[in-house]
Amino acid sequence: MSHSKSYDWRPGPRAWWDPRGRGLGYWAFVLHRLTGLGLVAYLLLHLWMLRLLARGPDAWDAFIRTAKSPLFLVLDGVLLLGLVYHGINGLRLTWLGYGRVEERPARGVVLVLGLTALLWLAGMGALLLVVR
Amino acid sequence: MAKPANFHVVIVGGGATGAALAHDLALRGLRVTLVERGEVTSGTTGRHHGLLHSGGRYAVKDPESARECIEENFILRKIAPGSFELNDGLFVAITEEDEAYLPRFLEGCEACGIPTQVLSREEALRLEPNLNPQVRVAVRVPDGTMDAMRLPLRFLATAKKNGAVVRPYTEVLEVLKRNGTVYGVRVRDHVTGREEDIHADVVVNAAGPWSGKIAAMVGVDVPIRPSPGVLVAVEGRWTNMVINRLHPAGDGDIIVPQRGLSIIGTTSWVVDDPDALDLPEDHVRLMFEKGGEMVPVVGKAPLWAAWSAARPLVGPRQAETGRELSRTFKCFDHADEGVEGFVTITGGKATTARGMAEVTADVVCRKLGLDVPSRTREVVLLPHTAYYRL
Amino acid sequence: MGLKRVFRVFRYKPGWSRPRYETYTLDLPEWATVLEALMRIRRDHAPDLTLRHSCLHGSCGTCGMRINGREALACLVKVQDLPERITVEPLYNLGVVSDLVVDMPAFYEKFEPVGRPLIRRSEYLPQAVPPEGIPHFTRLESCIECGLCVSACPVAATDEAYLGPAALAAAWRVVEEPRDARVWQALALADSPHGCWRCHLALECSEVCPTGVKPGHAIAALRAYLLTSQAVRTASPMGEAS
């Protein structure tokens with residue numbers, strides 16, 4: 001039974017995106033990866049936007065007007081949600097990494113989700129105030 | 001004088017017996033191939049309660065088995081260090097009737113060389129606080145717990161290191177015979193799908209409850225009764241020592257702690273086909289009831305698993321419950337029935353597998369005209385993990 | 001007979017370019033486990049179906065597989081708790097030898113170097129006084145080397161060299177209760193690039209573990225130990241010598 005002969009049966013990166021039938025900790029892991037990638041994508045987008053500064057104040061003002069459109073506000077909402085989740089869950093992971101795993105780790109995930117929701121609502125409120 | 005390496009022995013059956021035999025023969029220098037239909041220890045061996053017998057259970061009624069057990073118990077401690085939970089065992093008397101059995105029990109143990117220590121109720125409860133507080137007296141014996149699969153794996157690992165070939169998922173289709181002499185087996189390898197003949201100077205039938213089926217392939221009759229028993233595992237380790245009921249062998253008379261579980265055993269009946277074992281609901285209930293009489297919390301613990309295992313008992317066909325059959329083993333040289341080159345080893349138990357193998361290997365060597373002694377009493381076995389690494 | 005179930009079973013033999021699924025319809029008794037069903041499939045329908053099993057009560061760790069996408073010991077899963085269609089596949093991340101049999105040598109290659117002794121101090125019934133001649137009650141380690149945790153781990157899914165939850169949990173046991181094992185060796189393995197730092201704390205290993213070893217918890221404990229105690233430096237062979 002040498003393993004060179006065996007059939008390579010592993011899910012590969014699919015396991016990073018597929019939390020079906022898994023526990024809450026796994027869902028948190030998948031969300032963390034997704035939001036992490038999302039934030040990287042946003043950072044690239046952000047750098048691309050900053051490029052507009054080089055074209056002068058008019059181009060920038062025009063962009064800011066678009067950025068206040070409802071569509072952009074929705075996108076900002078999604079971004080904020082991902083950011084808050086990734087940040088708070090990151091703190092949870094750091095906490096776990098210091099050996100602070102409780103008997104029922106799912107409770108930590110629920111706490112993260114709760115805090116995320118609260119902070120996101122507060123952030124969205126602030127955002128809408130600014131826009132107005 | 002013939003050299004051991006000139007001879008090839010095929011062992012049919014990858015249970016404790018076959019594993020110990022492969023080890024014994026390989027150590028004597030013979031070439032060995034062991035074939036097993038499924039994974040090794042998947043038949044009866046892996047399913048036992050994990051008791052390293054002191055022999056106490058058989059001391060009164062079956063002294064031959066009891067002597068084998070205590071002798072092998074001490075050998076196994078030496079050759080398989082690190083494989084056992086060595087917390088000893090207690091025989092506990094709960095009723096007046098149990099207590100009345102004490103003198104006979106002690107006498108039996110003494111006669112078989114099983115060390116005992118009689119403990120008062122208070123002493124017993126100090127060792128095992130979860131015992132039924134009505135316990136009247138207890139006897140300490142050198143029982144232990146083993147991992148039912150890993151001990152045979154250690155035999156197999158050591159056999160492999162000494163050149164034996166172990167082939168799981170290889171089913172015997174036919175025992176090859178010419179002019180009254182067995183010369184090998186035809187097998188199908190279920191991994192590759194290939195059929196092939198494996199030639200042998202001697203074929204040893206170590207198929208446990210299936211040994212009747214293998215023997216029938218060469219037309220000899222082995223008086224084997226597949227005798228299943230129900231075992232129940234409950235959640236929680238409620239004792240550290242093995243707890244036996246101090247009375248004649250009966251249903252549900254033992255609790256074996258095993259890692260984080262407690263195993264209650266067992267019942268006994270007889271069947272024809274070891275591949276079709278039932279799991280009677282009333283037997284499962286009986287285990288809880290009987291187990292609870294010795295350790296009340298065990299009777300109330302959540303069920304973890306219930307299963308049946310078929311013992312390969314040697315005895316007359318008319319046996320009904322299996323309790324009347326001896327737990328000792330028997331080695332048949334079928335030359336007595338006119339079939340050369342074919343030996344059956346059956347009966348016995350996991351604790352005595354090494355001894356069974358020694359006797360069988362002696363028979364095999366005598367048939368081949370070899371005069372090499374067994375060395376399995378001294379050689380320390382490789383760890384079970386080596387089975388997968390070799 | 002009361003339980004009618006359809007089993008979709010993963011089949012693979014050496015030489016096949018890919019596995020296929022075969023379907024078997026069974027009528028089972030109420031008490032039947034998935035393992036019992038598979039043994040009946042082998043007995044009545046597919047004698048060449050290879051699977052591992054031994055103890056039938058979750059103690060030997062051989063019958064680990066993926067049942068409806070979740071790792072479990074087949075002997076502990078009751079068929080009556082499952083829906084009508086049941087998919088049975090081998091464990092992930094170890095390689096398949098034949099049908100449901102995975103490559104256990106691949107498992108032990110990582111597990112064994114940790115050097116965990118198998119017998120531990122029994123933590124049950126601390127109020128029990130062991131009899132004379134026995135310094136303290138002992139028991140076998142909880143890990144039954146079944147591989148469920150390795151199959152459920154999303155990091156093992158992509159990093160073939162990852163030591164994996166079982167081996168790391170064993171390393172933590174060496175640190176927790178060294179007995180005569182070499183602590184520095186276990187810690188060095190855990191601290192290696194493919195050791196405990198690769199873990200992403202999905203903790204699915206702890207979820208699927210059938211014997212309460214909770215490898216994810218052990219990995220977190222290892223990290224904390226390595227982060228806070230200068231453990232590797234003091235436990236290194238040179239440290240031991242000085």
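**Strand pairing in chain C and the contacts between chains**

In chain C, strand β1 and strand β5 (residues 85–89) run parallel and are joined by 4 bridges. The model described here is predicted. Within this parallel pair, C:Val9 has C:Val88 of β5(C) as its bridge partner. Strand β1 of chain C, which covers residues 3–11, is also joined to strand β2 of chain C, which covers residues 20–28. These two strands run antiparallel, and 9 bridges link them. In this antiparallel pair, C:Leu28 of β2(C) stands opposite C:Leu3. Strand β1(C) is thus bridged in parallel to β5(C) and in antiparallel fashion to β2(C).

Chain A has another make-up. The secondary structure of chain A consists of 5 helices and 0 strands. Read from the N terminus, the order of elements is α-α-α-α-α. Chain A has 132 residues, and 19% of them count as buried. The radius of gyration of chain A is 20 Å, whereas a compact globule of 132 residues would have a value near 14 Å. The C-alpha trace of chain A spans about 70 × 40 × 25 Å along its principal axes. Among the contacts in chain A with a separation of 6 or more, 70% are between residues 24 or more positions apart.

The contacts between chains were examined next. There are 2 pairs of chains that touch, and the pair with the most contacts is that of chains B and C. Chain A and chain B are joined by no contact. The closest C-alpha atoms of chain A and chain B lie 9 Å apart.

Chain C does touch chain A, and the contact takes 27 residues from chain A and 30 residues from chain C. On the side of chain C that touches chain A, at least two residues each come from β6 (96–98), α2 (104–111), α6 (204–208) and α7 (215–228) of chain C. Of the elements of chain C, α7(C) gives the most to this side, with 7 residues. Sorted by class, the side of chain C that touches chain A has 18 nonpolar residues, 7 polar residues and 5 charged residues.

Technical notes. Residues numbered from 1 in each chain as written. Chains lettered and ligands numbered in written order. Predicted model: local features only at pLDDT ≥ 70, side-chain atom pairs only at ≥ 80, totals over all residues. Contact = placed C-beta atoms within 7 Å. Nonpolar A, V, L, I, M, F, W, Y, C, P; charged D, E, K, R; others polar. Rg over C-alpha atoms; globule rule 2.2 N^0.38 Å. Buried ≥ 20, exposed ≤ 12 C-beta atoms within 10 Å, placed from the backbone. Pairing = 2+ DSSP bridges.
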